[in-house]
Amino acid sequence: MVDDELAAAVPELRALSEQIKTVKDATFGNFAAVLDMKAEVVGFKEDGQFSHTFTNSESTLRLTLGVNTVDGWTDMAEAGIAMVRRYLESLATDEKSKTLVNTVLRLLSKDRQGNLNASKVLQLQKMADESRDEQFIEAVKIIRESYQPTETRRYIRAQYRDTTTGNAWRNIPLSITDVDLLPENETASEPDAEAEGTEAEAAE
């Protein structure tokens, strides 16, 4: 019985996976021109933006296209880190300033994989700009330019306004694990687009 059921179920699931992949590729392809136009209108490429949300004119349909990434850095990051450390340590003239310097240096701490945290580097960039110190600014610039994120998987989130629930946004289940969610659990809040990738798992 198990053999018979598996023989029937697995091919259907493989076919479903291929269908999801086909639709997913088509959706990203169709919106490629929209993304290019968006960059052209804005006047620059949105460096570091890994998700884009589109809403129709009536605000009844919404689509988020994104890609999950893993932070990565070239070897030049180490040179920038060394320059930042030298600059900050030169400011540590007393215990109070040493404590402040150590707090700032924590922004350059690495995770278990040995990578810097991109968001913390952005905080450091803001500090450098506010300092107006050319050495500090140049050091942080070196770190930022060494940033090489690795794309892991693309994801799509589709939502629509549900008039039966007070016109709230409702997620369209795109993951096989989400299809039988209870209605009250399908209502969308405002999730972080880059944090969720479950919609893409079945198609990657």
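In what sense do strand β3 and β4 pair, and over how many bridges? The pairing is antiparallel and runs over four bridges. Keep in mind that this is a predicted model. Below is a quick tour of the sheet, the helix packing and an aromatic pair.

**The sheet**

- Four strands make up an open sheet, laid out in the order β1-β2-β3-β4, with antiparallel pairing.
- At the edges sit β1 (51–55) and β4 (168–171), each of which pairs on one side only.
- Going from one strand to the next, the twist averages 25°.
- Strand β2 (residues 61–70) pairs with β3 in the antiparallel sense, and ten bridges link the two.
- If you want a handle on the β2 and β3 register, take Asn68, whose bridge partner in β3 is Arg153.

**The β3 and β4 hairpin**

- Strand β3 covers residues 150–162, and it forms a hairpin with β4 that leaves five residues between the two strands.
- Gly166 sits in that turn and has a positive phi of about 75°.
- Two bridge partners help you line the strands up: Asp162 goes with Ala168 in β4, while Arg161 goes with Trp169 in β4.

**α2 against α3**

- Helix α2 (residues 76–91) and helix α3 (residues 95–105) have axes that come within 8 Å and cross at roughly 160°.
- With that angle, α2 is roughly antiparallel to α3.
- The handedness of this crossing is right-handed.
- On the α2 side the contact uses Arg85, Leu88, Glu89 and Leu91, and on the α3 side Ser97, Val101, Val104 and Leu105.
- Sorted by class, the contact of α2 with α3 comes out as five nonpolar, one polar and two charged residues.

**α2 against α5**

- The axes of α2 and α5 come within 7 Å, and the crossing is at roughly 155°.
- So α2 is roughly antiparallel to α5 too.
- Here α2 passes α5 in a left-handed crossing.
- From α2, the residues making the contact are Met76, Ala77, Gly80, Ile81, Met83, Val84, Tyr87 and Leu88.
- From α5, they are Gln135, Phe136, Glu138, Ala139, Val140, Ile142 and Ile143.
- The class split for the contact of α2 with α5 is twelve nonpolar, two polar and one charged.
- Leu88 of α2 turns up in the contact with α5 and also in the one with α3.

**α4 against α5**

- Helix α4 (residues 118–131) and helix α5 (residues 134–145) bring their axes within 9 Å, crossing at roughly 155°.
- Angles over 145 degrees count as roughly antiparallel, so α4 and α5 are roughly antiparallel to each other.
- The crossing of α4 past α5 is left-handed.
- What does α4 bring to the contact with α5? Its residues there are Val121, Leu122, Leu124, Gln125, Met127, Ala128, Asp129 and Ser131.
- Across from them in α5 are Phe136, Ile137, Val140, Ile143 and Arg144.
- By class, the contact of α4 with α5 has nine nonpolar residues, along with two polar and two charged ones.
- Phe136, Val140 and Ile143 of α5 meet α4 and also take part in the contact with α2.

**Aromatic pairs**

- The structure holds three aromatic pairs.
- One of them joins Phe31 and Phe54, whose ring centres are 5.0 Å apart with the planes at 40°, so this pair is tilted.
- Phe31 belongs to helix α1 (residues 2–42) and Phe54 to strand β1, so the pair ties together parts that are 23 residues apart in sequence.
- The strand carrying Phe54 is also one of the edge strands of the sheet.

Note on methods
Residues numbered from 1 in each chain as written. Predicted model: local features only at pLDDT ≥ 70, side-chain atom pairs only at ≥ 80, totals over all residues. Heavy atoms only, no water. Axes fitted to C-alpha atoms, helices over the stretch in contact; angles between N-to-C directions. Parallel < 35°, antiparallel > 145°, perpendicular 65-115°, else oblique. Left-handed = near helix turned anticlockwise from the far one by under 90°. Contact = heavy atoms within 4.5 Å. Nonpolar A, V, L, I, M, F, W, Y, C, P; charged D, E, K, R; others polar. Pairing = 2+ DSSP bridges. Phe/Tyr/Trp six-rings, centres within 6.5 Å; stacked < 30°, edge-to-face > 60°.
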